[in-house]
Amino acid sequence: MPEPEGLVDTHRHLILRDRLGYGWTADLPALAGDFAPADYDRLTAGLGVAGALHMETGVDEADWRAEARLVAGLADPRLLGQVASCRPETAAG
């Protein structure tokens, strides 16, 4: 993979409510909506961000594997990788 020319955001979160649960946001009205790659692109346009790493977003327990798969499958040219959630203390994690 070629090195991106510009800034690399090492901590990008997404909120994709149509696919994953985010129970921890229930009492946070400012986080009531989605925050999709298009939202990120709009907010970082013109700032020199060439790429980003997805940082797991604390999805509901039932969705941590689904989040990793969903992010891995995004058609997002600026996505350079992800820090996925895992459960090393369990055999399934």
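Two strands are said to pair if DSSP finds at least two bridges between them, and that idea runs through this report on a predicted model.

**The sheet**

Three strands form an open sheet in the order β1-β2-β3, with parallel pairing. Strands β1 and β3 stand at the edges, each with a single partner strand, so one side of each is left without a neighbour in the sheet. Averaged over the sheet and with direction ignored, neighbouring strands are turned by 20° against each other. As general background, strands of a sheet pair through backbone hydrogen bonds, either parallel or antiparallel.

Strand β2, which covers residues 49–55, pairs with strand β3, residues 79–83, in the parallel sense over four bridges. On the other pairing, strand β1, residues 7–12, and β2 are likewise parallel, and four bridges link them. Some of the bridge partners are set out in the table.

| Residue | Bridge partner | Strand of the partner |
|---|---|---|
| Leu7 | Val49 | β2 |
| Ala52 | Leu79 | β3 |
| His54 | Gln82 | β3 |
| Met55 | Val83 | β3 |

Is strand β2 largely enclosed by the rest of the structure, or is it left open? Five of the seven residues of β2 are buried, so this strand is largely enclosed by the rest of the structure. From β1 the chain crosses through helix α1, residues 37–44, to β2, and this β-α-β crossover is right-handed. A right-handed β-α-β unit is also made by β2, helix α2, residues 64–72, and β3.

**Helix α2 and its two faces**

Helix α2 packs on the sheet, where it touches β2 and β3, and its direction makes about 170° with that of β3. Which residues of α2 are buried? They are Trp64, Glu67, Ala68, Leu70 and Val71. These residues cover an arc of only 165° around the axis, which puts them on the same side of α2. The buried residues of α2 pack against β2 and β3, whereas the face turned away from the buried side carries the exposed residues Arg69 and Ala72. A general rule helps in reading such a pattern: an α-helix has 3.6 residues a turn, so residues three or four places apart point the same way.

**The nonpolar core**

Two of the buried residues of α2, Trp64 and Leu70, also belong to the largest nonpolar core, which has eight residues in all and further includes Leu14, Ile15, Leu16, Leu20, Tyr22 and Val59. In soluble globular proteins, nonpolar side chains tend to be buried together. Within this core, Ile15 can serve as an example: leaving aside residues up to four places away in sequence, Ile15 touches Tyr22, Gly33, Asp34, Phe35, Ala36 and Thr57.

**A buried arginine**

Arg78 has its place in the loop between α2 and β3. Is Arg78 buried or exposed? With a relative accessible area of 18%, Arg78 counts as buried, because buried means under 20% relative accessible area. Not counting residues up to four places away in sequence, Arg78 touches Tyr40, Asp41, Thr44, Val49, Ala50, Gly51 and Ala52. Among these contacts, Val49 and Ala52 have already appeared in the table, Val49 opposite Leu7 and Ala52 with its partner Leu79.

Notes: Residues numbered from 1 in each chain as written. Predicted model: local features only at pLDDT ≥ 70, side-chain atom pairs only at ≥ 80, totals over all residues. Heavy atoms only, no water. Right-handed = clockwise from strand over helix to strand, strands pointing away. Core = buried A, V, L, I, M, F, W, Y, C linked by side-chain atoms within 4.5 Å. Buried < 20%, exposed > 50% of the residue type's maximum accessible area, 1.4 Å probe, protein only. Contact = heavy atoms within 4.5 Å. Axes fitted to C-alpha atoms, helices over the stretch in contact; angles between N-to-C directions. Arc of directions from axis to C-beta.
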